[in-house]
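I opened this notebook to keep track of what I looked up in one model, element by element. The entries follow the order in which I went through it.

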Amino acid sequence: MDELSKSGAKSAPKFAADRMLARLARWLRLLGADVLFDPQVGGDKLLGRARAEGRITLTRDKRLRTAPDALYLDANLFRDQLREVLAHFPFDPRCRAFTRCSHCNEPLAEAARDTVVHRVPPFVYASQERFARCPRCGRVYWGATHPERIRRELDSMGL
Ligand SMILES: [Zn+2]
């Protein structure tokens with residue numbers, strides 16, 4: 001695999017997030033966790049699919065409160081939800097950040113600088129050396145903006 005995804009020491013657990021947890025799912029992916037998120041699938045179906053794939057189900061569905069392999073999240077705000085997830089399933093949110101596409105959960109691949117020239121704003125191209133691309137949706141990520149925002153956010157959450 002590429003350099004970006006080799007850097008993580010301890011790999012994050014795999015999750016499945018229910019449709020109420022879209023924002024949390026995006027954030028967990030930004031932090032490098034493998035998160036199944038499909039708004040079409042809910043309840044028992046989600047639980048079944050998560051189990052089959054060895055994932056922990058994250059849910060706001062009270063009916064799944066006592067289900068094994070599921071974590072019921074009481075909190076409404078995604079910051080509190082993220083804290084709760086990390087309290088139960090600790091992984092270092094900093095070491096694997098920026099290795100996965102937040103939109104499609106695909107691990108990012110390093111992209112040669114000259115291949116992204118038309119895909120990023122000129123000031124970004126001028127100021128950045130390293131880029132990564134999602135092999136599925138083609139979104140381009142770069143080294144400054146996204147991780148900085150993530151780090152700021154983690155700082156503010158005390159994580
Ligand atoms: Zn993508």
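**Entry 1: the parallel sheet**

I began with a predicted model, and the element I traced at the start was an open sheet of four strands, which pair in parallel and lie in the order E2-E1-E3-E4. I noted its edge strands as E2 (35-37) and E4 (70-72), each of which pairs on one side only. Between neighbouring strands of this sheet I found an average turn of 25°, with direction ignored.

I then followed one pairing within the sheet, that of strand E1 (residues 15-17) with strand E3 (residues 56-59), and recorded three bridges in the parallel sense. One of the partnerships I wrote down joins Phe-15 to Ile-56, the latter lying in E3. As a reminder to myself, strands of a sheet pair through backbone hydrogen bonds, either parallel or antiparallel.

**Entry 2: helix H2 and what follows it**

Next I looked up helix H2 (residues 22-30), which lies across E1, E2 and E3 and runs at about 150° to E2. Which residues of H2 are buried? I listed Leu-24, Ala-25, Trp-27, Leu-28, Arg-29 and Leu-30, and I marked Arg-29 in my list as one to look at again. Just after H2, I saw that Gly-32 takes a positive phi of about 100°.

**Entry 3: the nonpolar cores**

I turned to the largest nonpolar core, which has 25 residues, and noted that those with the most contacts inside it are Phe-15, Leu-24, Leu-28, Leu-58, Val-85 and Phe-91. The elements that give two or more residues to this core are E1, H2, E3, helix H4 (78-88) and helix H6 (145-157). Of these, H2 gives the most, with five residues.

I also went through the surroundings of Phe-91, leaving out residues up to four places away in sequence, and found that it touches Ala-12, Pro-13, Phe-15, Leu-28, Leu-31, Ala-33 and Leu-86. A second core, separate from the other, is made of eight residues and includes Ala-111, Val-116, Val-120 and Phe-131. For context I wrote beside this that nonpolar side chains in soluble globular proteins tend to be buried together.

**Entry 4: Val-116**

I kept a separate page for Val-116, which is found in the loop between E5 and helix H5 (122-127). Is Val-116 buried or exposed? I have it down as buried, because its relative accessibility is 0%. Leaving aside neighbours within four places in sequence, I recorded contacts of Val-116 with Ala-111, Tyr-125, Phe-131, Arg-133 and Val-140. I also looked up its separation from Leu-47, which is 69 residues away along the chain, and found 39 Å between the two C-alpha atoms.

**Entry 5: the antiparallel sheet**

The other sheet I examined is an open one of three strands in the order E5-E6-E7, with antiparallel pairing. E5 and strand E7 (140-142) stand at the edges with a single partner strand each, so one side of each has no neighbour in the sheet. From one strand to the next, I noted a twist that averages 40°. Strand E6 (residues 131-133) and E7 pair over three bridges in the antiparallel sense, and across this pairing I found Ala-132 opposite Tyr-141 in E7.

**Entry 6: the zinc ion**

Which residues are the protein donors of the zinc ion? I listed the SG atoms of Cys-101, Cys-104, Cys-134 and Cys-137, which lie 2.1 to 2.3 Å from the ion. Along the chain, these donors follow the spacing C-x2-C-x29-C-x2-C. I entered the arrangement as tetrahedral because the four donor atoms subtend angles of 103 to 116° around the zinc ion. I then checked accessibility for two of the cysteines: Cys-134 is buried, with a relative accessible area of 1%, whereas Cys-137 is partly exposed, at 33%.

**Entry 7: two positive phi values outside glycine**

My last entry concerns backbone angles, and I started from the general point that most residues other than glycine have a negative phi. Asp-69, which is not a glycine, has a positive phi of about 65°; I located Asp-69 in the loop between E3 and E4, and it is partly exposed, with a relative accessible area of 45%. Asn-105, also not a glycine, has a positive phi of about 70°. I placed Asn-105 in the loop between H4 and strand E5 (109-111), and I noted it as buried, with a relative accessible area of 12%.

Technical notes: Residues are numbered from 1 along each chain as its sequence is written. This is a predicted model: local features need pLDDT of at least 70, side-chain atom pairs count only at pLDDT 80 or more; totals for chains, interfaces and linings use all residues. Side-chain values use heavy atoms; hydrogens and water are left out. Donors are N, O and S atoms within 2.8 Å of the metal (3.2 Å for Na, K and Ca); water is not among the atoms, so sites may look incomplete. Four donors count as tetrahedral if all angles lie between 85 and 135 degrees; four count as square planar and six as octahedral if opposite donors are over 155 degrees apart and all others between 65 and 115; anything else is irregular. Buried means under 20% relative accessible area, exposed over 50%, partly exposed in between (1.4 Å probe, protein chains only). Two strands pair if DSSP finds at least two bridges between them. Axes are lines fitted to C-alpha atoms, for helices over the stretch in contact, and angles run from 0 to 180 degrees between N-to-C directions. Contact means heavy atoms within 4.5 Å. A nonpolar core is a set of buried Ala, Val, Leu, Ile, Met, Phe, Trp, Tyr and Cys residues joined through side-chain atoms within 4.5 Å.
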